[in-house]
Amino acid sequence: MGVEEKLPSGVLLTTLENLFGYMRSAAFWPATFGLACCAIEMMTYGAPRYDSGRWGQEVFRASPRQADLMIVAGRVSQKMAPVLRQIYDQMPNPKWVLAMGVCASTGGMFNNYAIVQGVDHVVPVDMYLPGCPPRPEMLIDAMFKLREKVRNTPIGINAIEAAQEQEQQQLEAPTLVEQKGLLR
Amino acid sequence: MSTTDTTDEATEQDPFAAGGDAAEGHVYTVTGQDWDSLVSEQAERGDERIVVNMGPQHPSTHGVLRLILELEGESVTEARCGIGYLHTGIEKNMEFRNWTQGVTFCTRMDYLAPLHNETTYCLGVERLLDIEAEIPEKANVLRVLMLELNRISSHLVCIATGGMEIGALTVMTIGFREREKVLDAFELITGLRMNHAYIRPGGVAQDLPDKALDFVKDLVVWMKKHLPEYAAFCNENPVFKARLSGVGHLDLAGCLALGITGPPLRATGYDWDLRKKQPYCGYESYDFEVQTWDTMDAYGRFRIRLNEMWQSLKIIEQCVERLEKMRGEPIMIADKKIAWPAQLSIGSDGMGNSNEYIKHIMGQSMEALIHHFKLVTEGFRVPPGQAYVPIESPRGELGAHVVSDGGTRPFRAHFRDPSFTNLQAMPVMCEGAMVSDVVVAVASLDPVMGGVDR
Amino acid sequence: MSEDKRPKPVEGRDEDASTGSAHIHEESDEKAPITGAEPEGESEPDAGTKPESLTGEAPSVDSGATEAEEDEAQLATTEPTAEVLQVRRGMFGVKGSGDTSGYGGLTRVVEFPAAATPPFGGWWDQVYDRIGALIPDFSDVITKVVIHRGEITFHVERRHLPTLVQHLRDDARLRFEFCSSVSGVHYPTDKGAELHAVYHLQSMTHNRRIRLEVSAPDSDPHIPSVVATYPTADWHERETYDMFGIVFDGHPALTRILMPDDWPGYPQRKDYPLGGIPVEYKGATIPPPDQRRSYS
């Protein structure tokens with residue numbers, strides 16, 4: 001019908017978006033940002049049983065310059081927040097952030113003066129993973145979901161439009177407190 | 001990557017500098033491929049002092065520890081620790097929770113030995129409650145079992161990460177492989193892999209499931225088969241010995257002055273172990289030996305940790321033997337006004353109180369219902385006073401200074417964490433050594449930043 | 001009331017001590033009248049493996065007045081190392097009229113364990129007498145001795161602390177060569193001595209543990225440092241300074257250690273809020289722990 005039917009074998013058609021997504025999601029290189037107990041579960045995620053090397057992620061880069069995924073594993077204290085931001089800024093684009101554990105997602109059980117109540121106060125987060133600490137299987141699940149998200153990331157004009165649309169949605173969306181009557 | 005991060009030229013702002021960072025003297029920002037210019041610039045200036053920040057984010061500093069090193073070439077002339085990057089305010093948080101809920105908070109301090117945190121806190125609370133003599137025998141044996149399993153898992157992490165930091169990556173993979181087995185045992189007995197909140201004032205939270213003892217026996221067999229691998233990898237390995245022997249030297253006087261306990265103290269040859277000297281939880285009835293070494297260096301501490309794992313296995317076998325004979329015995333104190341009431345089980349709709357227990361409190365015993373309600377909502381009251389019951393955690397003396405004002409909440413719970421105190425020895429061990437020795441010395445102290453910063 | 005300084009609402013503190021915990025308060029339940037003060041301090045000799053301690057008579061049994069005014073007078077005139085911690089009135093946070101349950105009239109005095117008088121029993125006397133032999137006028141130095149649950153606490157006058165610890169470490173019969181920890185405690189109701197620093201000392205030679213407690217008022221939060229004798233106290237004192245604001249005179253480098261260097265305030269004091277934020281759920285918010293209702 002279209003030109004696809006008439007192509008000789010050995011030629012593949014795809015979109016740049018598809019290709020970028022495929023490449024970027026293939027092997028994240030996590031930056032070591034293990035802070036507390038979640039860091040231990042992140043280490044077991046890299047360890048033999050829950051081998052993250054299956055997806056190319058056993059290479060935990062110490063230098064943020066060489067990493068593209070920052071797994072914030074653990075509670076971020078007020079003293080550590082500027083360091084977190086600095087490491088995030090040092091990562092080159094494209095970069096993603098996975099908030100591992102409740103302390104990184106929302107401050108967790110430590111609702112007090114010393115802990116930043118969610119790293120999204122400091123860096124933009126792409127995936128939140130609850131748990132205290134989340135099992136390595138949960139981290140694997142979060143990774144898979146993040147990979148799906150990265151796989152389908154729009155580029156170019158699509159990205160600009162998607163960002164604008166997301167911003168519009170978030171401006172219009174009701175806050176959590178206003179969403180009443182859900183228990184009925 | 002270690003960079004100095006303060007202002008570049010006198011008038012230029014370094015984009016990486018945190019606001020308010022005081023800059024003393026000339027600072028170099030290294031971005032790569034500019035080693036020659038850096039060296040020539042420094043030679044022109046003629047001052048030799050370079051302060052390097054092994055910053056909070058670093059693969060080899062055992063967590064969020066900031067090491068501020070003044071270097072002369074490769075040698076460290078001055079070293080300081082910057083801590084507080086993981087300060088969570090756990091102690092203050094505990095002042096707003098019940099005594100029993102405090103267990104869930106303190107367990108997250110030293111996150112590699114959570115059961116040890118819980119135990120020292122519970123022992124302090126029990127001393128204030130004056131129920132130390134009424135803790136059931138089975139609860140004590142279970143506590144010892146969990147404490148020793150935790151000791152093994154903690155030492156495995158220390159050895160694994162220590163190996164990783166010096167480049168022995170296989171030690172890391174086998175360490176975590178063994179640790180997974182221990183975590184499976186924890187999951188079977190307490191329900192969680194880490195941060196268990198299992199040891200509560202009055203006893204332990206849940207009884208052993210049916211297959212637990214067989215599992216632990218299999219675990220012991222597995223460990224005995226695989227622990228020699230670590231010895232085979234490391235003990236006589238020339239590179240390992242060269243990296244660790246003579247590094248991080250700290251003699252007995254230094255240890256006592258600096259308040260060091262645990263493997264670094266026992267590496268000086270002094271057999272100080274609170275399990276033997278000031279026993280708790282029935283440790284005096286177990287047969288094990290305190291491991292010492294006499295080289296006062298990182299290698300000695302490593303050998304001690306390996307040997308302590310073998311001794312822990314010995315204690316675990318004795319615990320299992322005792323537990324076989326204790327089936328059906330209570331695991332919580334008999335006094336219903338303190339004993340944690342909930343009996344959890346998995347039902348058709350998830351986890352909750354078991355059906356028998358619900359029938360009991362709703363149908364059979366009014367007092368049980370009242371106790372359950374009062375204990376879960378308000379908690380028990382602890383008579384005023386203060387107590388300090390230290391235990392031997394894998395890192396040293398861990399003690400909880402518990403102050404009560406007669407209420408249902410801790411008035412003050414301060415934890416004397418071994419890592420906090422042991423890290424004070426870092427400058428003593430590192431000044432005069434090389435940068436690579438700093439990494440090894442800190443790893444041999446085995447600091448866990450959760451305990452350091454709390 | 002001094003209780004207002006607590007970050008929690010005052011009514012939360014006016015909660016009845018559990019009368020049902022007969023196991024804990026065995027003796028006091030029998031001795032105390034129903035509507036009177038129920039002393040919760042130690043008033044019986046210690047049982048257990050520790051040396052027998054002959055604690056002094058808990059004065060609270062008689063002096064724990066049933067009248068509120070007497071309680072307040074007692075609070076007002078006690079010395080800095082007061083035994084009365086607080087007076088709890090009423091139950092369930094009820095105050096004023098309208099409470100017909102009768103629980104509103106309950107008054108309970110909460111006190112710390114009473115001071116002990118020598119002889120204490122066992123090695124405690126050896127330590128005490130040896131200190132007496134080394135420091136001639138040591139009733140100035142050690143203002144109170146408390147023995148509770150088999151642990152001995154010496155309340156020390158702050159300016160004599162360095163000499164005392166020097167002797168404790170160096171004398172062969174004392175030889176408390178190991179300082180386990182230095183912790184701070186803030187008692188806002190203990191007027192004139194709100195900030196306490198608690199030192200845990202251990203003698204490895206003799207396998208003994210003691211505790212020293214030093215207090216300082218809010219208006220003058222200075223305590224001499226023991227770093228010269230116990231270098232291990234370095235970071236512990238820095239942490240106590242950071243969290244409570246107790247300035248240790250003579251410390252080599254007293255700076256903040258856990259909080260950022262420019263943090264205002266001293267977080268673990270009782271008048272410092274926990275600092276949490278309300279947690280948003282769909283349709284409701286839950287306030288942080290220090291602002292929730294509490295029944296105790």
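**A tour of chain C's contacts and one residue of chain B**

Begin by selecting chains C and A of this predicted model, where the contact takes 16 residues from chain C and twelve residues from chain A. On the side of chain C that touches chain A, the elements that give two or more residues are β10 (279-281) and β11 (284-286) of chain C, and β10(C) gives the most, with three residues. Colouring this side by class shows ten nonpolar, four polar and two charged residues.

Next, keep chain C and bring up chain B, since the contact here takes 45 residues from chain C and 47 residues from chain B. The elements of chain C to highlight, each giving two or more residues to the side that touches chain B, are β2 (107-111), β5 (178-186), β6 (195-203) and α7 (233-244). Among these, β5(C) gives the most to that side, with six residues. The same colouring by class, applied to the side of chain C that touches chain B, gives 20 nonpolar, 15 polar and ten charged residues.

Then move into chain B and select B:Ile159, which has its place in helix α5 (residues 137-166) of chain B. Is this residue, B:Ile159, buried or exposed? B:Ile159 counts as buried because it has 26 C-beta neighbours inside 10 Å, where 20 or more are needed. To see part of its surroundings, display B:Val171, B:Gly175, B:Tyr230, B:Phe302 and B:Arg305, with which B:Ile159 is in contact once its neighbours within four places in sequence are left aside.

Finally, add B:His371, which lies 212 residues from B:Ile159 along the chain, and draw the distance between their C-alpha atoms, which are separated by 45 Å.

How values were computed:
Residues are numbered from 1 along each chain as its sequence is written. Chains are lettered from A and ligands numbered from 1 in the order in which they are written. This is a predicted model: local features need pLDDT of at least 70, side-chain atom pairs count only at pLDDT 80 or more; totals for chains, interfaces and linings use all residues. Two residues are in contact if their C-beta atoms, placed from the backbone, lie within 7 Å. Helices (H or I, at least four residues) and strands (E, at least two) are DSSP runs, numbered from the N terminus. Ala, Val, Leu, Ile, Met, Phe, Trp, Tyr, Cys and Pro count as nonpolar, Asp, Glu, Lys and Arg as charged, and the others, Gly among them, as polar. A residue is buried if 20 or more other C-beta atoms lie within 10 Å of its own, exposed if 12 or fewer, and partly exposed in between; C-beta atoms are placed from the backbone.
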